[in-house]
Amino acid sequence: MGRNDKGHVGFIGLGTMGREMARNLLAAGHSVTAFDIVGSAVEELVSAGAIAATSPAQAAANADIAITMLPDTPQVEEVVYGAQGLLASPPAGRLVVDMSTISPVAVRRIHADLKAAGTDFIDAPVSGGPIGAKNAALSIMAGGEAEAFARAEPYFRAMGTTITHVGAPGAGQAVKLCNQLICGINIQAICEAIALGRASGVDLEQLRNVLLGGSAASWMLEKLGPAMISGDVGAGFRIDLMLKDLRLVQEQAQALSVPLPGTALVTSQYIEARAHGEGANGNQALFRVYDRMTNRD
Ligand code: NAD
């Protein structure tokens, strides 16, 4: 499939989230040129109808919008500032949207540098996990100028259902960090309840069903609870990525003098999990910290 009139996207970063989001852009009728440093990820998307690119610059050339979905701040900086990057080779539509979770400080710098070169930049991190990405049901929180947000919105509609312009550059990341703080502490609370329920001898599936019907219900309990109970540590959102997010939360909190004791506690448990080799496991593997603390490892 070639470039089309519905809007052409240069999509960079085709991992757990990005590949589903790029597929949904294709499904909504956009054309997509795709780039990832992993060749097989590009090939997979080409078989879904995308055009292959061999650099960020090539993905962006002729695109109305370039979208990045990368692990962390250094990778986004590489794609923006690198020799084959979007600052030197902006998309034809002069609009770059980063949907990764990265530092709000870096976002403001990237926004200013691209703006000075005549390109708009929106930070638009997401919540909803791989399931939300697959079902085009993400919550998208965007920071940046209103006019640039309006140009990006039709593309957001192909990937998400709750799409909110939350403020100035960096505001999307600020909201996402609040989201991650809640997710981390919520996962910890569920691990703790399962550890106590198990030691009390109650049926854990039944425990989860009961909790889902009452005031302890949560997205994490619904989506991650079964894997915690069955001992499945397979990755959806990796422990390493959550540790990156908790670091960003704490950097933001320190810069603004906001004490976050709950975040500090759960961060040390994530560090413990990584020290036991769980970094590439899914977030639900935090329950293994409780396995070790209760001598059930
Ligand atoms: P991932 O590691 O699965 O995917 C990242 C992709 O980027 C990989 O395919 C990798 O090869 C590619 N990449 C790395 N450096 C690159 C570069 N310089 N140029 C081009 N491609 C490069 O990560 P993910 O789970 O898809 O998460 C992406 C972002 O979204 C992260 O910031 C994460 O925190 C955030 N996020 C993830 C989830 C989730 O549940 N997985 C949910 C919400 C937000």
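Student: How far is the sulfur of C178 from the closest cysteine sulfur?

Tutor: Happy to help; bear in mind that this is a predicted model, where local features need pLDDT of at least 70, side-chain atom pairs count only at pLDDT 80 or more, and totals for chains, interfaces and linings use all residues. Side-chain values use heavy atoms, with hydrogens and water left out, and residues are numbered from 1 along each chain as its sequence is written. A disulfide is a pair of cysteine sulfur atoms within 2.5 Å. The closest cysteine sulfur to that of C178 belongs to C183, and it is too far for a bond, at 11 Å.

Student: How many disulfides does the structure hold?

Tutor: C183 is in no disulfide, as its nearest cysteine sulfur is that of C178, 11 Å away. The count for the structure is 0.

Student: Is C183 buried or exposed?

Tutor: Buried means under 20% relative accessible area, exposed over 50%, and partly exposed in between (1.4 Å probe, protein chains only). C178, at 48%, is partly exposed. C183 has a relative accessible area of 15%, so this residue is buried.

Student: Which residues in helix 11 does helix 8 meet?

Tutor: Contact means heavy atoms within 4.5 Å. From helix 8, the residues taking part are A174, L177, Q180, L181, C183, G184 and I187. Their partners in helix 11 are M242, D245, L246, L248, V249 and Q252.

Student: What angle do helix 8 and helix 11 pack at?

Tutor: Axes are lines fitted to C-alpha atoms, for helices over the stretch in contact, and angles run from 0 to 180 degrees between N-to-C directions. Helix 8 spans residues 171–200 and helix 11 residues 239–255, with their axes 9 Å apart. Their packing angle is about 120°.

Note on methods. Helix = DSSP H or I, 4+ residues; strand = E, 2+ residues; numbered from the N terminus.
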